[in-house]
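Biologist: I have some time to go through this model with you. Could we start with one of the loops and work outwards from there?

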2 protein chains.
Amino acid sequence: MSDTELLENEMHNKMANAIRALSMDAIQKSNSGHPGMPMGMADVATVLFSKFMRFDPQWPEWPNRDRFVLSAGHGSMLIYSLLHLTGYDGMTMEDIKNFRQLHSPTAGHPEFGEAPGIEMTTGPLGQGLATSVGMALGERLEAARTGSDISDHHTYIIAGDGCLMEGVSQEAISMAGHLKLSKMVLLWDDNSICIDGDTGMTTSEDMRGRFEAAGWHVQAIDGHDPEAIEVAIKLAKEADQPSLIACKTTIGYGAPNKQGTSSTHGAPLGEEEIALTREALGWEAEPFVIPDDVQEAWREAGQNGATLSAAWKEKYNALSSDVKADYDRRLSGDLTATFDDAMGAYKAKIAAEPVKVATRKASQMALEVVNAELTETVGGSADLTGSNLTLTSGMKAVTADDFSGSYMYYGIREFGMCAAMNGLALHGGFKPYGGTFMVFTDYARPAIRLAALMKQQAIYVMTHDSIGLGEDGPTHQPVEHLASLRAMPNVNVFRPCDAIETAECWQLALHATETPSILSLSRQGVIQQRTTHNTENLCGKGGYILHEASSGNPKVVIMASGTEVEIAAAAQQALEAEGTPTRVVSMPSTDLFDRQSAEYRASVLPEGTVKASIEAASTYGWCKYTGLDGINIGLDSFGASAPASDLYKYFGITSDALVAAVKEKL
Amino acid sequence: MSDTELLENEMHNKMANAIRALSMDAIQKSNSGHPGMPMGMADVATVLFSKFMRFDPQWPEWPNRDRFVLSAGHGSMLIYSLLHLTGYDGMTMEDIKNFRQLHSPTAGHPEFGEAPGIEMTTGPLGQGLATSVGMALGERLEAARTGSDISDHHTYIIAGDGCLMEGVSQEAISMAGHLKLSKMVLLWDDNSICIDGDTGMTTSEDMRGRFEAAGWHVQAIDGHDPEAIEVAIKLAKEADQPSLIACKTTIGYGAPNKQGTSSTHGAPLGEEEIALTREALGWEAEPFVIPDDVQEAWREAGQNGATLSAAWKEKYNALSSDVKADYDRRLSGDLTATFDDAMGAYKAKIAAEPVKVATRKASQMALEVVNAELTETVGGSADLTGSNLTLTSGMKAVTADDFSGSYMYYGIREFGMCAAMNGLALHGGFKPYGGTFMVFTDYARPAIRLAALMKQQAIYVMTHDSIGLGEDGPTHQPVEHLASLRAMPNVNVFRPCDAIETAECWQLALHATETPSILSLSRQGVIQQRTTHNTENLCGKGGYILHEASSGNPKVVIMASGTEVEIAAAAQQALEAEGTPTRVVSMPSTDLFDRQSAEYRASVLPEGTVKASIEAASTYGWCKYTGLDGINIGLDSFGASAPASDLYKYFGITSDALVAAVKEKL
């Protein structure tokens, strides 16, 4: 080793030890956290951030920055250390000291939005990797739209054994390999330790073989050898496939009595072991103090980004005004100026010429308008394109050879799809929508939750949304899914009743830039309920008077959503025929209805009326609107396999049953 | 080929064509279904069932029968055809004709319990394979308990591309490879067709490499060559690893214009194409008619099983009476005669010597009693053993070399774990329980739903069940999970408030042989509420008066579950101190409470009282008990990262907040 190399090596060690010290000290102070991973991966992270990552702490949202995703989110002190050391204003030493305290950006796991430089919320294992597929995909899509000079960043992921054991990792690596997302570099913290002990207790996989089988470029290195790390990342960047670097590391590296064991994984090292670690690492600084030379070296790594981002800005400025305008608009999340007018014209047309179609078909009709207006939509389906009706005319498939398309054949990978959608949304510039059957929201639920938590705009086109799908039977018939998604914070669940409401719900979903939306859509046709044009988006109130009682002064209020609105309307006619003033309230979104004023809600659901709900789903939750003495018609068991009309009768979800129940209360 | 071979070959073709004919005709008649797979895999299924499968249609529940799982459940006509042809009484030609009709056992997807010979419900892709891991594991565990003469069956799975794209397949094959479950044979219908088109649109995986990396024995054959199929299954049985046979097939084999395309996947072939298929296959029989010689050959395949099952019966009869008694009891699902007494004694002890422990710790204490009493429990955790506290003294790990243990280190595979638990329960003889964090029920939700649908007794030990887990933050804090699981049919959700209730909930879960149970358990310690011994299991009513109002005539009723019961108790004291008669209702299970008589429910929650609920979770659903004008204290947003006590204060889940809200209503 030459003198320069020796010096460089020494500084590398100091920089890596700064991460280790900050991590063990912050975790000790909060008496809670996971030191093992940040200490084990400090060398890899140091090389990555000081020699490769293109980022600018002064402009964290630089669109072409390299993305760094800490899929093993429990190692959050790694990213907090990096952000602090490289000079992000949003990550002060005070923040580090307040690790895991209320209102501090240094949450237990990295939380998107809490500090700049955190590209996504991680912690639920496997999802960092799976979401990164969407980020890397976003990079390619953008390059195909604006030119590769504008979009050519890398996506680096640190993942642990847990991430790779989760099934979603397979969906992700299979997709990435298939799409040849060569700018994805996965740094696997191969430390052979799980919480329960040695990974050998639970897995015997040949990880290299697994990734190679998925079409990845694979290397294995000593994760504590800075030179080897540097060479490997360089080769990974050169490969024309996504790349795995297996970094053999020692968990809790530096802690003389605990390193290499699961005891460093999820608990503070303890004062005594920390003192010994300081000694072993030759780290003499007090807790939360970074020696000037080390700080200097780290800041330099951060400052290099300014040149890169400035150079990018020039390329951006050279874009043609059209391209730039569309790019800026897409990044801002705004829709086109003409979008709402186009949707209004479409609504007016449908109001004038009513259609009897399934709401999944109505969704496709609305999407034809949407996709003609917007360049940021990226559609797709988990191998149910013809059923979800997510493809519109002129859409082209995204393939490994051509990223100019806007339709993703995601394969039978609901979870992977929804995670990739999160990645597309986080990347910026895209509004992803993706379809599967409503019942399979269960498969994708962890990604839907993460979208909600991260306030990302993902739109789920969930068709075949009740026993109305018929013969496929109970495994395919959602029952509890509406309730279970309505209960999830920051998710808008929409269940439109006809083509007009479907268009309105699409509009709402596309405007909700901080909330994912579920569109719950029918397999079977529905009678169009709305036949006069409203310029107002009535679904925006969540629930509204669809068919008023003849007297204007109802004795009975029937609430319904989706395909059951026409049953409610039939019951209304029967009750009115017998002289009972009955109102039908369409409730496409209880989430939005709950956000209206108490006055509005009371005006729609007046006190002193008999209240009934009907929905071909679990009745769970409807008591909120019908009270202790209301009527809730639905399905609180699993469905069955039979033609849809037989099932509605069998389960008593009919206007006759509704009328009979109401009469008992009158 | 010799004359005998030619004849055999000819009969093979006829037998396979019988499956094809039944499939296409039944699907045509019901005008709904998936002919492509049964027609494509008819040759493989014919060889498997006529030459290998050990089963006895006269004794479908023969414990040592080979298991056959149609993971690609949409091809349900394949299994219905096989069951009918081999002579299961529960599958008549009438049933075949009533494919996909109400009350017919021939549901759209195979439904466990609808007909003997259907080992599990399939349709949600990947889960047949993942559940089979549990069946194959059950075989090994039983062999280690009673001797391999009694338990040495194989588990055969037919899976399609969809099954292998789902992430859970990776968790399954990784587990199976690790445990060297050599009696698992996976027949992959390698037809290169998905619903959206060619599989090449979505995947480029080297499937052989992927399985080899997971430690599987791998072969690839022509799935229409009976000899090759026979040789491959023979070799697979001889391998000392789980075995994959990639069967290259033509989807919709025999349909001259449609075979090999996705158009055969999920729709009837049409009368015209069916006529042409008959011609192409040389199948002259009318729909739903099986020529005598073909019927004879199939029945013979079915009848061979009688000899095998009789031979097994002799071995069974030779078991020592102790072993036999335990075996019989385990298979019956009954607990030991002394079980309830042991639990009663434990409850009495805890009532006399109250403890302040987390309910996860209380769960482990109860499990110590349970596992000392029962030989059928198989515990485990998805790599959170020390957090879930699922391991009890003396339990030994199950490993590839030793299946005499009863504890599974499932790895970071929540979905795979729960699917394997389903397989263990379906296998018979075992009551599986498995742990992870409550928030990760999301990862395992599709398997939990399948347990509920199949009425299987799986017990989920879900710890860290609220913001009470503290610093790990919102990704790890369940919010909507209680509501979303309560909404699921046939799942009992239990959230006990102290060590006594935890013991009672374990007892209920272990008695509920047709219902999976969720035990929602705390990270943090709780004050023991029950300090007098009740011989009755009070939790069995779901909700009950825990602390009566001083007057016996409450003005206020506070409902709570789990860790919030002590907050309710504190609020009661404050209100009583101010002269407001207040009752505390502990509600460990709303599911069970809903099943009580209206009288009982009204006696616990009397009309005319101010009703309040408090639970550190989404309030969704509580209006059912508190009404339109009640108080619901909970958390309808995501949590945050901070010490637990800070979070309770921050989110206003305190006795002060509760008292203040009640006073406003008084």
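Modeller: Gladly, and please keep in mind that this is a predicted model. A good place to begin is N191(A), which lies in the loop between β3 (184–190) and α9 (207–213) of chain A.

Biologist: Is N191(A) buried or exposed there?

Modeller: N191(A) has a relative accessible area of 11%, and because buried means under 20%, N191(A) counts as buried.

Biologist: And which residues does N191(A) touch, leaving out its sequence neighbours?

Modeller: Not counting residues up to four places away in sequence, N191(A) touches D161(A), T249(A) and I251(A).

Biologist: What does UniProt say about N191(A)?

Modeller: An unreviewed UniProt entry places the feature "binding site" at N191(A), together with D161(A) and I193(A). These positions are spread over 33 residues of sequence, yet they cluster in space, with a largest C-alpha distance of 7.8 Å.

Biologist: Where does D161(A) sit, then?

Modeller: D161(A) is in helix α7 (residues 161–165) of chain A, and at 10% relative accessibility D161(A) is buried. Beyond four places in sequence, its contacts include W188(A), D189(A), S192(A) and T199(A), and D161(A) also touches N191(A) and I193(A), the other positions of the UniProt feature.

Biologist: Changing topic, what is the strand order in the open sheet of 6 strands?

Modeller: The order is β8-β7-β9-β10-β12-β11 in chain A, and the pairing is parallel. Its edge strands are β8 (407–409) and β11 (492–494), each of which pairs on one side only, and the twist from one strand to the next averages 20 degrees.

Biologist: How many bridges join β10 and β12?

Modeller: Strand β10 (residues 459–463) and strand β12 (residues 517–520) of chain A pair over 4 bridges, and within that part of the sheet M462(A) stands opposite S520(A) in β12(A).

Biologist: Which strands does helix α18 touch?

Modeller: Helix α18 (residues 441–454) of chain A packs on the sheet and touches β9, β10 and β12, with its direction at about 160 degrees to that of β10(A). Helix α17 (residues 414–427) of chain A lies across β7 (377–381), β9 (431–437) and β10, running at about 170 degrees to β9(A).

Biologist: One last residue: what surrounds M175(A)?

Modeller: M175(A), which is in helix α8 (residues 167–178) of chain A, touches V133(A), Y410(A), R413(A), G416(A) and M417(A), not counting residues up to four places away in sequence. M175(A) is buried, with a relative accessible area of 3%.

Notes
Residues numbered from 1 in each chain as written. Chains lettered and ligands numbered in written order. Predicted model: local features only at pLDDT ≥ 70, side-chain atom pairs only at ≥ 80, totals over all residues. Heavy atoms only, no water. Pairing = 2+ DSSP bridges. Helix = DSSP H or I, 4+ residues; strand = E, 2+ residues; numbered from the N terminus. Axes fitted to C-alpha atoms, helices over the stretch in contact; angles between N-to-C directions. Contact = heavy atoms within 4.5 Å. Buried < 20%, exposed > 50% of the residue type's maximum accessible area, 1.4 Å probe, protein only. UniProt positions renumbered as here; feature names shortened; annotations may be inferred.
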